[in-house]
Amino acid sequence: MRPRSTALPILLFVLFPLALVLAGAQQPTPAPTPAATPSQQPGQVTLVLPGNGQQRKIKIAFPAFRGQLGGDGTAAARELEETVRRDLDTSGYFEIQGPDVLSGLHLTGDVQKDLAAYKSTGNEVILLGEVKNEQDRLVFDGRVLDAASGQAALAKRYRGPYSVSRRMAHTFADEVVRTLIGRPGIALSAIAFTSDRSGAKEVWVMDYDGANPRKITGHHSTSMSPAWSPDGASIAYTSFFSGPPGLYLADLASGRKRPVVTSGSFNTSPSFSPDGKRIAFARSLEGNVEIFTADLEGGNLRRLTNSPAIDTNPAWSPKGGNIAFTSSRAGNPHIYLMDAEGANQRRISFDGTYNDGAAWSPEGDLIAYTSRRDGQFQIAITNLATLETQVLTSGPGENESPTFSPDGRKIAFTSRRNGRKQIWIMALDGSNQRPLTSEGNNDMADWSRGAPPQ
Amino acid sequence: MNRKWMAWIVVPALLTFMYGCPKKKPKTPPPDLNVETTTVPAPPATPPPATEVTPPATPPVADKKEDPLLSSDLQVVNDELRRRGFSPDVYFDYDESTLTDDTRQKLSRNADLLKSQPQFSVTIEGHADSRGTSEYNLALGERRANAARDYLSSLGVAATRMRTISYGKERPVCTEEAESCWSQNRRAHMIITGRANVG
């Protein structure tokens, strides 16, 4: 092994926090402060909700928010309203009747008098918003009413600078989902990905809806394979910046980057254990790549596979007991499972000649991966209990690198169908496919496991 | 199909080369020069590839000062080696890292050149086409680089002179999504990246 100078990486680690500080400056710093509103106490309203398996959507009336704000406030208020509406639509739980539909109802503006009108078009829930300006800060009151009783199921007040209107909206939308569905929403989650929009391929992070992209690395080399830590505070990734690809860890709050494992001919595709204490990754020594685990300092290295074939792309299961990975030991790359200590290695993909890049659903019951079908790359999911496999995408465009949303109801992936590689999302059944990115080439999405700390 | 067609060009061209050239070498033109019907037709478009492998491994160095291999600019060195028949790239089939016969021939020629110029160290980069995940292609690229290195080593190039690095699909030479382009990216790329400090 060649001695390697450590001066360059150390210098780079010292310099990079700057970039993060700049990126961070654009983010809203003060958190919107949710406060129980005094005006209307939310009663203990129980709504009839569709079960997890059911596809029936809750019909929700969403009239235009009330209140007028001058100047900057107008745009902020509009963004707030549009973001809440888009979040609820994206969640897939609701069928929204917006102002265009509701305008035909001749509403009086007094919600208690209008209940019958709302119900006449099938609405079960009414969402009301009101914005106002208090000392140059945006104040937003959001309420959700049961259309049958007129009682409030949720009432929240948020206050903050205009610049945080999107996050106010996401926070409220997740509250609505939690209240009406009983499950955490995903509007505050984030997606790490790679992009060459600034030149070299760097690691970036964006909000779950594609907004607010910020550059995490600035190595001006090739940086790739981002993986969120379970707490969302850091991202592990691979970079070529000091020669052979090494594994690094970026702390998002401080912007600091530090090496985890950089020896050997390459170290790539990190995946955190659910307790956040270890990383599984692919490591090549002397020309043969195997799956290893290490602690976050790169210590306690353990090799889990031992095959002359290519073993790569490990993905730690959400409950911690298993690691999925890719191996070419059967002649072509396929998805395998093993215990987290490396025992009990078994193949789980059997269709086609190229299956790679496994991603776990949050419940640990499904694995999504890239599957080559009829010469084209598609996203497939396999149910681990039955080994039943479904292909979610079709047609040309190299659909690859899937990652599940924290609620398990969506998959983000890469597609080149419109020319360049972009991050797309779709529902778990393959419906509602739409792009989240448009600038440069974007790839290797990894969805945070919850809402990363702000 | 293609190959048969090629044979019609290459075989006559080879014959021209093997038998035609030496005869033409004497400065006095051959007596039958005017007899047009006996001359072998020249290949229509491109010269036969066979002529590319003919320069001797190390052409006699007339003046040491002018030898580009002594240049401190490694780009000049690489260009010169290329001129002498060094193949900077050898290519692979999809999802494969095995060496084809053609690749072995090229590597054999490279090995001769490297052995005749022991002062140079070489970096062998492994590359892959854009299909499949970056991580898998990184492993595949490494296998390609290692396959080239191991073959060069088996032909007597000291392993200590060679270093490998895989770029997977991260550094394509061609970015269109078509086989014509993919095939150019599935390669081991060899470049002189250093010179030993021995005199």
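Start by selecting residues 101-116 of chain B, which is helix 3 of that chain. With 16 residues at 1.5 Å a residue, helix 3 should span 22 Å, and its end C-alpha atoms sit 23 Å apart, so the two values agree. Keep in mind as you go that this is a predicted model.

Stay on helix 3 of chain B and color by burial. Which residues are buried? You should pick out B:Thr103, B:Leu107, B:Arg109, B:Asn110, B:Ala111, B:Leu113 and B:Leu114. A handy reminder while you look down the helix: an α-helix has 3.6 residues a turn, so residues three or four places apart point the same way.

Now show what covers those buried residues. Among the covering elements of chain B are two helices, helix 2 (74-83) and helix 4 (134-154). Strand 1 (89-91), strand 2 (120-127) and strand 4 (187-195) of chain B belong to the cover too.

Zoom out to the whole of chain B. There are 5 helices and 4 strands here, and if you trace the chain along its sequence they come in the pattern α-α-β-α-β-α-β-α-β. Chain B has 199 residues, and 41% of them count as buried. If you like contact maps, take the contacts between residues at least 6 apart in sequence: in chain B, 78% of these join residues at least 24 apart.

Next, select B:Cys174 and B:Cys181 and show their side chains. A disulfide joins the pair, with an S to S distance of 2.0 Å. How many disulfides does the whole structure have? A search over all chains finds 1. Put a torsion on the S-S bond: the value is about -130°, so this disulfide is left-handed. Are the two cysteines buried or exposed? B:Cys174 has a relative accessible area of 16%, so it is buried. B:Cys181 comes out at 1%, so that residue counts as buried as well.

Last stop: hop over to chain A and select helix 2 (residues 72-91) together with helix 5 (residues 165-181). These two helices pack at an angle of about 35°, with their axes 8 Å apart. Their crossing is right-handed. To see the contact itself, display side chains from both helices: on helix 2 of chain A, the residues involved include A:Leu80, A:Val84, A:Asp87 and A:Leu88, while helix 5 of chain A contributes residues including A:Met168, A:Phe172, A:Val176 and A:Val177. Color that contact by residue class and you get 10 nonpolar, 4 polar and 4 charged residues.

Notes
Residues are numbered from 1 along each chain as its sequence is written. Chains are lettered from A and ligands numbered from 1 in the order in which they are written. This is a predicted model: local features need pLDDT of at least 70, side-chain atom pairs count only at pLDDT 80 or more; totals for chains, interfaces and linings use all residues. Side-chain values use heavy atoms; hydrogens and water are left out. The expected span of a helix is 1.5 Å times one less than its number of residues. Buried means under 20% relative accessible area, exposed over 50%, partly exposed in between (1.4 Å probe, protein chains only). Contact means heavy atoms within 4.5 Å. A disulfide is a pair of cysteine sulfur atoms within 2.5 Å. Axes are lines fitted to C-alpha atoms, for helices over the stretch in contact, and angles run from 0 to 180 degrees between N-to-C directions. A crossing is left-handed if the near helix is turned anticlockwise from the far one by less than a right angle, and right-handed if clockwise. Ala, Val, Leu, Ile, Met, Phe, Trp, Tyr, Cys and Pro count as nonpolar, Asp, Glu, Lys and Arg as charged, and the others, Gly among them, as polar.
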